[in-house]
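Colleague: I am new to this structure and would like to know how its features get their names. Could we go through a few of them together?

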Number of protein chains: 2
Amino acid sequence: MSEELPTSATASPRVDVAALGEHLLGRWADVRRTARELAADERVWKREGQSMDQHRERVLDQLGFLVEQKAVHRAFPRHLGGEDQHGGNIAGFEELVVADPSLQIKAGVQWGLFGAAVLHLGTQQHHDAWLPDIMSLKTPGAFAMTEIGHGSDVASIATTASYDPQTEEFVIHTPFRAAWKDYLGNAGVHGIAAVVFAQLMTGGVNHGVHAFYVPIRDEKGFLPGVGGEDDGLKGGLNGIDNGRLHFDHVRIPRSNLLNRYGDVAADGTYSSPIESPGRRFFTMLGTLVQGRVSLDGAATAASKVALQIAVTYANERRQFNASSDTTEEVLLDYQRHQRRLIPRIAKTYAMSFAHEELLEKFDEVFSGESNDDARQDLETLAAALKPLSTWNALDILQECREACGGAGFITKNRFTSLRADLDVYVTFEGDNNVLLQLVAKRLLADYADEFRKLDAGALTRYVVRRAEGVALNQSGLRQLAQTWTDAGSEKRSANFLKDPQTQRNLLVERVRTMVADVAGELRGAARLPQDQAAAVFNAHQDEVIAAARAHAELLQWEAFNRQVEALDDPGTRSVLAWLRDVFGLTLIEENLGWYLMNGLLSGQRARTLGPYINRLLDRLREHAQDLVNAFGYTKDHLRAEIATGIEAERQQEAMEYYRLLRASAHAPIDEKVLRARMKAAAGASR
Amino acid sequence: MSEELPTSATASPRVDVAALGEHLLGRWADVRRTARELAADERVWKREGQSMDQHRERVLDQLGFLVEQKAVHRAFPRHLGGEDQHGGNIAGFEELVVADPSLQIKAGVQWGLFGAAVLHLGTQQHHDAWLPDIMSLKTPGAFAMTEIGHGSDVASIATTASYDPQTEEFVIHTPFRAAWKDYLGNAGVHGIAAVVFAQLMTGGVNHGVHAFYVPIRDEKGFLPGVGGEDDGLKGGLNGIDNGRLHFDHVRIPRSNLLNRYGDVAADGTYSSPIESPGRRFFTMLGTLVQGRVSLDGAATAASKVALQIAVTYANERRQFNASSDTTEEVLLDYQRHQRRLIPRIAKTYAMSFAHEELLEKFDEVFSGESNDDARQDLETLAAALKPLSTWNALDILQECREACGGAGFITKNRFTSLRADLDVYVTFEGDNNVLLQLVAKRLLADYADEFRKLDAGALTRYVVRRAEGVALNQSGLRQLAQTWTDAGSEKRSANFLKDPQTQRNLLVERVRTMVADVAGELRGAARLPQDQAAAVFNAHQDEVIAAARAHAELLQWEAFNRQVEALDDPGTRSVLAWLRDVFGLTLIEENLGWYLMNGLLSGQRARTLGPYINRLLDRLREHAQDLVNAFGYTKDHLRAEIATGIEAERQQEAMEYYRLLRASAHAPIDEKVLRARMKAAAGASR
């Protein structure tokens, strides 16, 4: 917490900003502090207005600086100079987004994708041969998975790796234009090697997608058989040299197959520790879940920066004088401004708490402390949270930019630059809509499993258990159902809404009902011919995605609720509980049509919702500055002129000028006032 | 219509693309065609990746080119070489956005703000003295209204213009830092004069905001007493040199007051043709409504370009093969993709039709064919439509960018660049939230007027009349109310929903109820002390803005409906009627909670809404390409690689490769298939 930042006026209850800040830093607080210190160093900041080429070179240099600072090796093996630390590695990595998202993502390409693929898909020989130079950045590399023709559908990529037993080599080949690798960081200019994903062919059999280590450039340029194109300017992240690669029968040694999950013997015999080709494929891709985990965290960090800037400004900026002739209102006193910013603070807390839990799960799985189920849960959780947080970040950055008006549009105030850079987060490392479909499929599969057990309460228990690890009992649910049909007085309704149990039940019931409804619609489709089954599924695709989204929102709410309950300070807990209520109730408000249509809320209760949220916002208004200050970013992270107190100084100067003018003999009289006086005088003289 | 663009497969009914395109071009079709021809000229295109300085110089040069092409003088007086053509001028101007939004807005600053202020606020002497050089660009100028401290609240600007009768001069002065003029196009580098808005002081009286013509630079830089700062990089529109200006007792001749609505005699006596200072202020500002009108049109044009690109790609791009083993689905066949793009096509048609009517009203008012009421109606209409279309444009550009995945993020595919440039449209020329509040205040004032007449049906008639110019009779409304409470069968409900009269009634009723509810809440507030009255209003600010938004949406729907009814071709009319239904019904779906809560829809009817919209989208799917092709932009306007057919070629090549491979003897067998066969064989041999 920077001492220089403004703090809210004292009130009761009061947020303990320092303690809340510590709580937000979570389990890897020390790593985050170190990373934030690094991110506060001018040498890693984005320099706005650089050309694409300058920006790319600067970011490459910064990557070298990160190596010097030992900021990027935490996830690598101890014997190679790393720390075998997985959760902490991501925690530190995602904080870099506040310095420059290009820096974060280019580091992610180098060490989180390219290096991690060698680490997780390769074996000892590969680690020893390549990781040292990857870690030191001597070998900048690309992660060549996506093709022009196939992004989200990785299983269908078309690059081939055909084994030639004569020479004991794989032949990497691009059969047509759509199979060119595309959007690869480090491919445009800097990469000298790549991990290339291709269909492994040996003995006439296609064993599916595997990863290969392929040198692509030397000091003179592309190696023979390798070609490519620069992707050129992008909507953001222009410090990264994204590009395309293609291969014309490029030969690599057999040992360049990253063979942890599938190997080819000298004679061409294929073997794998995982028999099912499907499971093998998902296991290989699963090792790359950290990309999604870290985007979830980076999107949250950027949202915090934006809100810290916008709320600071909203507490200083004045405009229009409705309630007084001489003093204009502070923006955050306007209800509309509260509606724009405070629910987004609540969302950001939900994102932050949910992310911390995701990170813990990630660490558990990658430290080898857990089983296959935990790995699958981790993947589903990441696929659920990443879409929400990355979409929310764009929404938050944009609303903050608009809430600061013209000043928000000027680059030096950060919003537009961060938004441009984060734009692609919603479609890379898994397109958000595709990820939510994966989540939905998991929900439907689990539902089918539960359904088979013919237990009426099964799904409810399942949803609740997944969300909070504790089952609601049946009678509790029945009672809840009864409460919903109760058309109580407005007073009772407000009590009803602020009960966290009600919020949870409403959010749980929404997921349960949506999944059950869709499952009912899809029942029987599996027995239809493929095209008809696909048509049935497609006719419910929108609902399926909505159900997954509702599930992810429930997960966020549960994380928020758990963290509120874990707070020691009563004042902080009270304020955070209101903020959790804002989060839960605005989710219900956003889906009010659904709740009413499905009879889970009466019209009378629903009508109390908006006014109750407005009252909560009014109550939280005085804590808004504390809530964003607890995010803990300093001026060197915010780097926005409008968050430096400059606006308050200007307002002060203007108010002082008018005060002196009014006190002087020279104050001009307003024509309106003069006319009113003349009119009055004319009336009196008549 | 470019012949090269793909067209939908023939179907029944069929859209007559050429005729629909002509209809969309509207009353000023010829001007639009000329402007589009100009916008297709490479010389006016945005060159991506230029530095800010290069871009600024290029756009200044392009402004000179526009002068040569006689593209920007239509609104100026005939005797000075203009055409006295107001609607046509805007129609041509807004089309320039597809070349480069910086070009559009810098032209808008020069001729639509700076020049228009001299034209509309000045008198003959000013026109003769300054307009020729403004028109020819010999005098690039700034429109110095906004200050750092005051954007939306123009009446509170603090720059002073004090009359000195000794020298017959005005003294322009900036009293403090917050009063610096800011965000002014042409102020950063190119402007040599400015129209400066300041509080006119003479004889100890402040007569309020007036406009003054002030030279600011010569070839050596700022003139004595004038200073400024460059705003530097912005989130977009970097071809415009926005900057700040301040004045230290700068003296200008008395005749530099633009004196159409207020004058000062040599002895310092103030006079005005408009007695009320308030009305005078709004009259002066009202002359500048064309900025809002043209942003409404430009946002619509950019949305058309984005959708034409994204739909073309969605009809070529394939991903995942759910319904067949060999052919992947075209993106637009996915329900989710239809949900993402088709309602936005519907919104764009609504924006386009509503804009055309706004333009006609604008032309009528500015050609002097109408009275004060019409002028006020025009201002309210512009304040209602501009927020919707500019927000929609950002939403449409973003959804199109995401719908094209990584390709959408690459600058050469246009979305990110257009979005960055259009971002500020939502907060300049009137912040959207502030504009909607103005609309709401007008609605509330009109409601109060009607209410005073003590006529129960007054408001309903008022809303309907404003929206369509025809009053519903009372019995019709009663019957409608009865239908709403009717819980009919699902089949009857679908018929109910597709009846345009139902859609209109639901949209009208929403505005009516919201305005009446808010008015009820605010009743009595006027009699409270100022601060308490302000608090009551503030506690309903969010509802007030929501009511204005609902009103604006109704206006769009009415325009859409009128234009559908005006279509001659039955096929086109059928398809457009479905599209209107999608527009109306998605508006109702977005506010479903409100409709249910207020008892205007039953839960049963509400449940039919989503599925019915999905069926409509499915029906419109095959017409999507025709609907965007009718926007009529050619490849030289779209300028997006992914809209050139390149994706279809790549898909074709890939499919052909696999077809040949399957037909050959060399096709590798899939491990999954092999395992299945081995399993079957093992079973058979047992």
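Modeller: Gladly; what follows is a set of questions and answers on helices, strands and a core in this predicted model.

Colleague: Let me start with helix α8 of chain B: how do you know that its span is close to what is expected?

Modeller: Helix α8(B), residues 290–314, has 25 residues and reaches 36 Å from its first C-alpha to its last. The expected span is 1.5 Å times one less than the number of residues, and for this helix that is 36 Å.

Colleague: And what makes α8(B) largely enclosed by the rest of the structure?

Modeller: Buried means under 20% relative accessible area. In α8(B), 24 of the 25 residues are buried, so the helix is largely enclosed.

Colleague: Now to the strands. Why are β5(B) and β6(B) said to pair?

Modeller: Two strands pair if there are at least two bridges between them. Strand β5 (residues 193–202) of chain B is joined to β6(B) by nine bridges, so by that rule they pair, and they run antiparallel. B:Ala194, for one, stands opposite B:Val214. The two strands form a hairpin with two residues between them, and B:Gly203 in the turn has a positive phi of about 55 degrees.

Colleague: Which strand of chain A is joined to β6(B)?

Modeller: That is strand β14 (residues 669–670) of chain A, with two bridges to β6(B). At least two are needed, so this counts as a pair. Here the strands run parallel, and the bridge partner of A:Ile669 is B:Val205.

Colleague: Is β6(B) itself largely enclosed or largely open, and why?

Modeller: Strand β6(B) covers residues 205–215, and 10 of its 11 residues are buried, so it is largely enclosed by the rest of the structure.

Colleague: What makes β4 and β9 the edge strands in chain B?

Modeller: In chain B, three strands form an open sheet in the order β4-β10-β9, with antiparallel pairing. Strands β4 (181–184) and β9 (226–230) each pair on one side only. Neighbouring strands of this sheet are turned by 25 degrees against each other on average, direction ignored. Five bridges join β9(B) to β10(B), residues 243–247, and B:Asp230 stands opposite B:Gly243.

Colleague: What is the order of the open sheet of three strands in chain A?

Modeller: The order there is β4-β10-β9, with antiparallel pairing. Its edge strands are β4 (181–184) and β9 (226–230) of chain A. Two bridges join β4(A) to β10(A), so the two strands meet the rule of at least two. A:Lys181 stands opposite A:Leu245.

Colleague: Why is a set of residues called a nonpolar core?

Modeller: The name is used because its members are buried residues of kinds such as Leu, Ile, Phe and Tyr, joined through side-chain atoms within 4.5 Å. The largest one has 364 residues. Those with the most contacts inside it are A:Ile345, A:Tyr349, B:Ile345 and B:Tyr349. B:Tyr349 touches residues including B:Leu20, B:Phe560, B:Leu627 and B:Phe631.

Colleague: Last one: what does UniProt place at residues 142–250 of chain A?

Modeller: The unreviewed UniProt entry places "domain: Acyl-CoA oxidase/dehydrogenase middle" there. In the model this span is 0% helix and 49% strand. UniProt also annotates residues 500–642 of chain A as "domain: Acyl-CoA oxidase C-terminal", again in an unreviewed entry. Over residues 500–642 the chain is 78% helix and 0% strand.

Note on methods. Residues are numbered from 1 along each chain as its sequence is written. Chains are lettered from A and ligands numbered from 1 in the order in which they are written. This is a predicted model: local features need pLDDT of at least 70, side-chain atom pairs count only at pLDDT 80 or more; totals for chains, interfaces and linings use all residues. Side-chain values use heavy atoms; hydrogens and water are left out. Helices (H or I, at least four residues) and strands (E, at least two) are DSSP runs, numbered from the N terminus. Buried means under 20% relative accessible area, exposed over 50%, partly exposed in between (1.4 Å probe, protein chains only). UniProt positions are given in the numbering used here, feature names are shortened, and annotations may be inferred rather than shown by experiment. Axes are lines fitted to C-alpha atoms, for helices over the stretch in contact, and angles run from 0 to 180 degrees between N-to-C directions. Contact means heavy atoms within 4.5 Å. Lists of a residue's contacts leave out its neighbours within four places in sequence.
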